[in-house]
Amino acid sequence: MLSTTLIDKLNAQITLEFYSSNLYLQMAAWCDTRGFPGCSSFLAQHASEEYQHGRKLFTYVMETGGLARVGAIEAPKADFASVQDIFDATLAHEIAITAKINDLVKTAMNEGDFSTFNFLQWYTSEQHEEEKLFRNIVDRIRVIGPDGKGLYWIDKEIGKMGKKDG
Ligand code: OFO
């Protein structure tokens with residue numbers, strides 16, 4: 001049985017994962033309207049992954065006897081300055097999510113809830129992979145620069161990454 005503290009924190013994380021999904025979907029829409037189909041499809045695919053992260057937590061809370069709850073989900077930002085702005089924001093977002101997961105892991109550990117501690121290890125590795133993925137994209141954009149040709153190439157590369165890494 002989960003403690004009330006853990007139920008509350010896991011439910012907050014569910015809401016945050018769904019927010020992440022909406023944020024990436026919104027970013028996908030921006031990329032689509034600006035002529036970056038590769039980035040758009042990568043981000044839309046990532047939005048589906050975030051939804052699954054939320055669902056996995058939701059199922060865990062239900063299976064462990066808690067009341068899984070989706071909280072109010074804030075509307076994500078819809079306007080961005082550039083593709084670089086988008087991916088800088090994704091990396092910053094993933095770093096913030098890692099901090100939330102770390103806090104959850106710490107709580108489970110402090111409470112001696114080893115089942116939840118064990119369950120959360122999947123999220124710990126996932127965050128490592130996601131930070132690596134977005135850092136890699138941010139680095140590539142920096143190297144290529146903001147000119148039209150470079151962005152055309154970056155869009156193609158990111159489109160391929162979505163297929164491979166997603
Ligand atoms: Fe992008 O991460 Fe979920 O957890």
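Start with the surface switched on: the accessible area of the protein comes to about 8,600 Å², and 56% of that belongs to carbon and sulfur atoms. Keep in mind as you click around that this is a predicted model.

**The whole chain**

Now swap the surface for a cartoon. You'll see five helices and zero strands, so to speak an α-α-α-α-α pattern when you read along the sequence. The radius of gyration is 17 Å, close to the 15 Å that the globule rule gives for 166 residues, so the protein is as compact as a globular protein of that length. If you draw a box along the principal axes, the C-alpha atoms fill roughly 55 × 25 × 25 Å.

Try a contact map next. Among contacts with a separation of 6 or more, 80% are between residues 24 or more positions apart. Colour by burial and 46% of the 166 residues come up as buried.

For the charges, select the 17 positive and 23 negative ones; their mean positions are 4 Å apart.

**Into the largest core**

Which residues have the most contacts inside the largest nonpolar core? Select Phe42, Leu43, Val83, Ile86, Phe87, Ile137 and Ile158; the core they belong to has 26 residues. Colour the helices separately and you'll find that H1 (4-33), H2 (37-63), H3 (83-111), H4 (114-144) and H5 (148-165) each supply at least two residues of this core. H1 gives the most, with seven residues. As background, nonpolar side chains tend to be buried together in soluble globular proteins.

Zoom in on Phe87 and show what surrounds it. Setting aside residues up to four places away in sequence, Phe87 touches Cys39, Phe42, Leu43, Phe134, Ile137, Val138, Ile141 and Ile158. There is also a second, separate core, this one of 18 residues; select Leu2, Ile101, Leu104 and Ala108 to see some of its members.

**A histidine stop**

Stay with helix H3 and pick His93. Is His93 buried or exposed? His93 has a relative accessible area of 12%, so it counts as buried, the cut-off being under 20%. What is it in contact with, beyond neighbours within four places in sequence? Show Tyr19, Ser20, Leu23 and Tyr24 around His93 and you have the answer.

**Three exposed residues**

Head for the outside now, with a distance tool ready.

- Phe114 sits in helix H4. At 53% relative accessibility, this phenylalanine counts as exposed. Draw a line from Phe114 to Asn102: they are twelve residues apart in sequence, and the C-alpha to C-alpha distance is 15 Å.
- Thr4 belongs to helix H1. Its relative accessibility is 58%, so Thr4 counts as exposed, the cut-off being over 50%. Pair Thr4 with Glu129 and you get 30 Å between C-alpha atoms, with their positions 125 residues apart in sequence.
- Ala72 is in the loop between H2 and H3. With 77% relative accessibility, Ala72 is exposed too. Ala72 and Ala12 are 60 residues apart in sequence, yet 9.7 Å apart in space, C-alpha to C-alpha.

To wrap up, put His93 and Ala72 on screen together: His93 is buried, whereas Ala72 is exposed.

Definitions and conventions:
Residues are numbered from 1 along each chain as its sequence is written. This is a predicted model: local features need pLDDT of at least 70, side-chain atom pairs count only at pLDDT 80 or more; totals for chains, interfaces and linings use all residues. Side-chain values use heavy atoms; hydrogens and water are left out. Helices (H or I, at least four residues) and strands (E, at least two) are DSSP runs, numbered from the N terminus. The radius of gyration is taken over C-alpha atoms; the globule rule is 2.2 Å times the number of residues to the power 0.38. Buried means under 20% relative accessible area, exposed over 50%, partly exposed in between (1.4 Å probe, protein chains only). Contact means heavy atoms within 4.5 Å. Accessible areas come from the Shrake-Rupley method with a 1.4 Å probe; for residues, only the protein chains shown count as cover. Lys and Arg count as positive and Asp and Glu as negative; His and the chain ends are not counted. The place of a charge is taken as NZ of Lys, CZ of Arg, CG of Asp or CD of Glu. A nonpolar core is a set of buried Ala, Val, Leu, Ile, Met, Phe, Trp, Tyr and Cys residues joined through side-chain atoms within 4.5 Å.
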